[in-house]
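This report introduces a protein structure to a reader who has not met it before. The sequence and the model are shown first, and the description follows.

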Amino acid sequence: MPQKRPDVIVVADANALARAAAERILARLNRSNGRLAVCLTGGSTPGRLYELLAGQPYRDALPWNHIYWFWGDDRFVPHNDPHSNFGMARRLLLDRVPAPSGNICPIPTRVETVEEAARLYESELRRFYGGERLLPGRPLFDVVLMGLGPDGHTASLFPGRAELGEKTRWVVGVPEAGAEPFVPRVTLTFPTLASTREMLFLVSGPSKRKIVSEVLTGADMPAAHAYSEGELLWLVDRAAAPERGDVAPTVPSAASREG
Ligand code: 6PG
């Protein structure tokens, strides 16, 4: 899939990043009607966003009954484990809003192997989608949230791994993680993550500046290979944004818009 250069919005800080993401999600979910699907990410960066969505005005504004929640990847640990991406989202968001429990679809981790978990989750996604093949123009998700690891990984798609080239499987097991926490993982593949109306990368903090610059200038890193059937947007806070001139934000930053 030809890599369209993502749109990049630079915002002031981590709070502004969470707010910008919350506004995009609200706008996107209010644009579609009927059944909605959101694919959440893990790691530490989305925490503020999840807390924000659990509060006003989003708590009253989001159509909770219509939204189904999925995960782009998870660590193969019990859901109450501190490393569980599902556990984190449940604690910070889903336990605090009127989200029907039947709409919450975590990656199963109470099974023997990551492969079994991947197979089960793939069938669950196919059932939800109502088809065996992801069709252009009929996206599986409305919003997919993505993060960026210090090594350029995204979801649990790590540099140099075979799963980067997976074209048919929707979900794969990753017995060995390429980054902290070094626990086995289960991850959606690029074509499944791409089946969305909007893909939002959330990147925050000075430790990410170098890798953001590398990825956005085309370095061969997993995150540079992420694509979207619909919109692809990187929300980056000032601390993580490449030095001026390295990579021009494609959309005037909130700061410059606010003058
Ligand atoms: C995971 C994530 C992973 C994450 C990045 C960034 O399960 O670890 O899905 O891809 O998004 O590692 O993590 P931070 O937000 O903690 O920097």
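Which residue in S7 is the bridge partner of Gly173? In this predicted model, the partner of Gly173 in S7 is Val186.

**The S6 and S7 pair**

Strand S6 covers residues 171-174, and strand S7 covers residues 185-188. The two strands run antiparallel and are joined by four bridges. S6 is covered on both of its faces. Val171 and Gly173 are buried on one side, and Val172 and Val174 are buried on the other.

Thr189 is located in the loop between S7 and helix H6, which spans residues 190-194. Thr189 has a relative accessible area of 0%, and because buried means under 20%, Thr189 counts as buried. Leaving aside residues up to four places away in sequence, Thr189 touches Glu166, Arg169, Trp170, Val171 and Val172. Val171 and Val172 also belong to the set of buried residues described for S6.

**The open sheet**

Six strands form an open sheet with parallel pairing, in the order S1-S9-S8-S5-S2-S3. Its edge strands, each of which pairs on one side only, are S1 (7-11) and S3 (67-71). From one strand to the next, the twist averages 20 degrees.

Strand S2, residues 36-40, pairs with S3 in the parallel sense over five bridges. S2 also pairs with S5 in the parallel sense, over two bridges. The table lists individual partners of S2 residues.

| Residue in S2 | Facing residue | Strand of the facing residue |
|---|---|---|
| Leu36 | Ile67 | S3 |
| Leu40 | Trp71 | S3 |
| Cys39 | Val144 | S5 |

How many of the five residues of S2 are buried? The strand is mostly covered, with five of its five residues buried. Leu36, Val38 and Leu40 lie on one side of S2, while Ala37 and Cys39 lie on the other, and both faces are covered.

Helix H5, residues 114-129, lies across S2, S3 and strand S5 (141-146). The direction of H5 is at about 155 degrees to S3.

**The loop before H5**

Thr109 is placed in the loop between helix H4 (85-92) and H5. Is Thr109 buried or exposed? Its relative accessible area is 10%; the limit for a buried residue is under 20%, so Thr109 is buried.

Thr109 and Val77 are 32 residues apart along the chain, and their C-alpha atoms are separated by 6.1 Å. Val77 is also one of the residues that Thr109 touches. The others are Arg75, Phe76, Pro78 and His79, again not counting residues up to four places away in sequence.

**The largest pocket**

A further topic is the empty space in the model. Rolling a probe the size of a water molecule over the atoms shows where such space is left. The largest pocket has a volume of about 380 Å³. Its lining consists of 21 residues. Those nearest the centre of the pocket are Gly43, Arg75, Leu148, Gly149 and His153. Arg75 is also among the residues touched by Thr109.

By class, the lining comprises six nonpolar, ten polar and five charged residues. Glycine is counted as polar in this grouping, and two glycines, Gly43 and Gly149, are among the residues nearest the centre.

Conventions. Residues numbered from 1 in each chain as written. Predicted model: local features only at pLDDT ≥ 70, side-chain atom pairs only at ≥ 80, totals over all residues. Heavy atoms only, no water. Pairing = 2+ DSSP bridges. Axes fitted to C-alpha atoms, helices over the stretch in contact; angles between N-to-C directions. Contact = heavy atoms within 4.5 Å. 1 Å grid on protein atoms, 1.4 Å probe; cavity = no way out; pocket = protein on both sides within 12 Å on 5 of 7 lines; lining within 4 Å. Points joined across faces, edges and corners; volume = space filled by probe spheres on them. Buried < 20%, exposed > 50% of the residue type's maximum accessible area, 1.4 Å probe, protein only.
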